[in-house]
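Visitor: I'm new here, and I'd like to know what the words mean as well as what they're applied to. Could you show me around?

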Amino acid sequence: MTEVFSGNFTQQEPIPDEGIKAALEVMQSGRLHRYNLQQDEVGETGLLEQEFAAYVGAKYALAVASGGYALATALRAVGVKPGDKVLTNAFTLAPVPGSIASIGAVPVFVGVTEDLTIDLDDLAARAGQSKVLMLSHMRGHLADMDRLMEIADEAGLIVIEDCAHTMGAAWNGRASGRDGLIGCYSTQTYKHMNSGEGGFFVTDDDEVMARAIILSGSYMLYGRNGTVPPPEVFERVKYETPNVSGRMDHLRAAILRPQLRKLDSQCAAWNARYEVVEDGLRGTPGLTAINRPEAETYVGSSIQFLLLDWSNEAIDEVLQRCKSRGVELKWFGGAEPSGFTSRYDSWRYAPSERMPKSDRILKGIIDMRLPLTFSLDDCALIARIIRAEVGAVFQAT
Ligand SMILES: *Cc1c(COP(=O)(O)O)cnc(C)c1O
């Protein structure tokens with residue numbers, strides 16, 4: 001009998017009851033806007049900021065409308081101007097180069113390694129081209145952050161971290177998003193907490209945070225945020241910082257606060273699923289597993305493997321065969337962007353040269369989501385299906 005998987009790769013868990021209850025209370029109050037507060041009330045959004053800052057160990061956190069908004073705000077807050085070059089990963093998702101383009105700046109792509117992290121040698125070689133690195137921890141893979149920060153410090157690069165896939169992760173015990181000057185996170189439905197849309201911006205820097213708060217649309221109500229730099233810092237920046245509204249409202253914050261309390265146990269549940277799939281795939285002929293370094297604490301909300309140096313036809317056949325058995329794999333090497341996947345040469349608004357070493361890797365990257373609605377048995381079944389189909393196509397070629 002041929003086993004078929006019948007689960008849904010885009011089905012997330014429901015919002016916790018506590019979050020639903022808190023959201024109802026916000027709606028009953030009619031006070032949804034973050035600054036629509038009673039005297040001395042902090043409100044759901046401010047409380048969430050305090051709690052998220054404490055969770056990652058940052059001085060300041062700002063809750064915003066999306067992860068992409070947090071990234072663009074970070075670029076504005078460090079003074080990136082139209083025409084400036086910003087280093088970023090060749091392997092990432094479209095909102096990352098998009099945030100750079102959104103302020104008229106120009107992405108400069110840095111290559112990817114077989115560990116699916118930014119190529120640090122390539123970074124060192126290109127570091128002189130820019131003052132800012134927007135580092136994407138794409139699919140939750142952390143580069144050697146100790147070496148990366150050495151390269152950045154030596155070259156005088158400001159590091160902004162895109163932690164859309166690393167909320168809850170760490171390098172050598174340091175929370176992801178805390179090595180760079182700014183960490184940005186997303187709470188969009190497919191990430192590690194779910195408010196439909198949403199995001200965070202964290203930093204320890206007084207002035208960067210003051211600019212970010214004003215940018216986010218605080219008007220002169222910035223003193224009512226959850227984590228606030230001293231008033232004199234705002235005096236320095238308030239006349240020069242534009243309002244680019246992208247606030248988070250109380251409703252989303254109410255949904256997120258109970259999820260933050262559960263985040264660590266959710267991460268453990270993802271990793272249990274990841275390990276089952278990883279174990280099931282290990283040793284499959286023709287398949288290259290992704291190395292996870294000792295220093296990395298990851299969150300296995302998705303899993304990747306490489307079909308290195310396979311022909312497009314053979315990869316396509318694996319995808320088709322798995323799909324016919326209910327297993328949805330995404331391929332970063334496809335000629336055309338599709339679904340959520342695209343690659344540096346699909347972003348034609350940004351100039352790029354061919355990157356042969358990265359192209360070889362990108363061409364082989366297969367990606368799969370692991371929603372928490374899958375059981376461990378589901379994960380074992382998925383791994384058996386992939387193993388069988390990769391093996392069958394590999395043998396035939
Ligand atoms: C989702 C995502 C973002 C942006 O998050 P949004 O909240 O959707 O704007 C940024 N980077 C990566 C790698 C992402 O996957």
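Guide: Let's start with a definition: buried means under 20% relative accessible area, exposed means over 50%, and partly exposed is in between, using a 1.4 Å probe and protein chains only. This is a predicted model, where local features need pLDDT of at least 70, side-chain atom pairs count only at pLDDT 80 or more, and totals for chains, interfaces and linings use all residues. Residues are numbered from 1 along each chain as its sequence is written, and side-chain values use heavy atoms, with hydrogens and water left out.

Visitor: Why is Lys191 called buried?

Guide: Its relative accessible area is 14%. The cut-off is under 20%, so Lys191 counts as buried.

Visitor: Where is Lys191 placed?

Guide: In the loop between β8 (182–186) and β9 (199–203). Helices (H or I, at least four residues) and strands (E, at least two) are DSSP runs, numbered from the N terminus.

Visitor: What does UniProt list for Lys191?

Guide: The unreviewed UniProt entry gives "modified residue: N6-(pyridoxal phosphate)lysine" for Lys191. UniProt positions are given in the numbering used here, feature names are shortened, and annotations may be inferred rather than shown by experiment.

Visitor: Which residues is Lys191 in contact with, leaving aside its neighbours within four places in sequence?

Guide: Contact means heavy atoms within 4.5 Å. With those neighbours left aside, Lys191 is in contact with Gln12, Ala164, His165, Ser186 and Trp270.

Visitor: And how many residues surround the ligand?

Guide: There are 15, and the closest are Gly67, Gly68, His165, Ser186 and Lys191. A residue is near a molecule or strand if one of its heavy atoms lies within 4 Å of it.

Visitor: What makes the link between Ser186 and the ligand a polar contact?

Guide: A polar contact is a pair of N or O atoms within 3.5 Å; within protein, one must be able to donate a hydrogen and the other to accept it, and residues adjacent in sequence count only if both atoms are side-chain atoms. An N or O atom in the side chain of Ser186 is 2.7 Å from an oxygen atom of the ligand, so the pair is within the 3.5 Å limit. For Gln188, a polar side-chain atom lies 2.8 Å from a ligand oxygen, and for Lys191 the distance from a side-chain N or O atom to a ligand oxygen is 3.0 Å. The protein covers 91% of the 380 Å² of accessible area that the ligand has on its own. Such areas come from the Shrake-Rupley method with a 1.4 Å probe; for residues, only the protein chains shown count as cover.

Visitor: What makes helix α7 mostly covered?

Guide: In α7 (residues 206–215), 7 of the 10 residues are buried. They are Val208, Met209, Ala210, Ala212, Ile213, Ile214 and Leu215. These buried residues pack against β1 (60–64), α3 (67–77), β8, β9 and α8 (231–237).

Visitor: Which residue caps the N-terminal end of α7?

Guide: Asp205 does, with a side-chain oxygen 3.0 Å from the backbone nitrogen of Glu207. Just after α7, Gly217 takes a positive phi of about 105°.

Visitor: Why is Tyr219 called partly exposed?

Guide: Its relative accessibility is 49%. That value falls in between the two cut-offs, so Tyr219 counts as partly exposed. Tyr219 lies in the loop between α7 and α8, and its phi is near 50°, a positive value in a residue other than glycine. Most residues other than glycine have a negative phi.

Visitor: Is Arg261 buried or exposed?

Guide: Arg261, in helix α9 (residues 250–281), has a relative accessibility of 52%. The cut-off for exposed is over 50%, so Arg261 counts as exposed.

Visitor: And Glu44, buried or exposed?

Guide: Glu44 lies in helix α2 (residues 43–56). At 19% relative accessible area, Glu44 meets the under 20% rule, so the word is buried.

Visitor: How do you know that β4 and β5 pair?

Guide: Two strands pair if DSSP finds at least two bridges between them. Strand β4 (residues 132–136) and β5 have 5 bridges, in the parallel sense, so they pass. Leu133 stands opposite Val159 in β5. Strand β5 (residues 158–162) is mostly covered, with 4 of its 5 residues buried.
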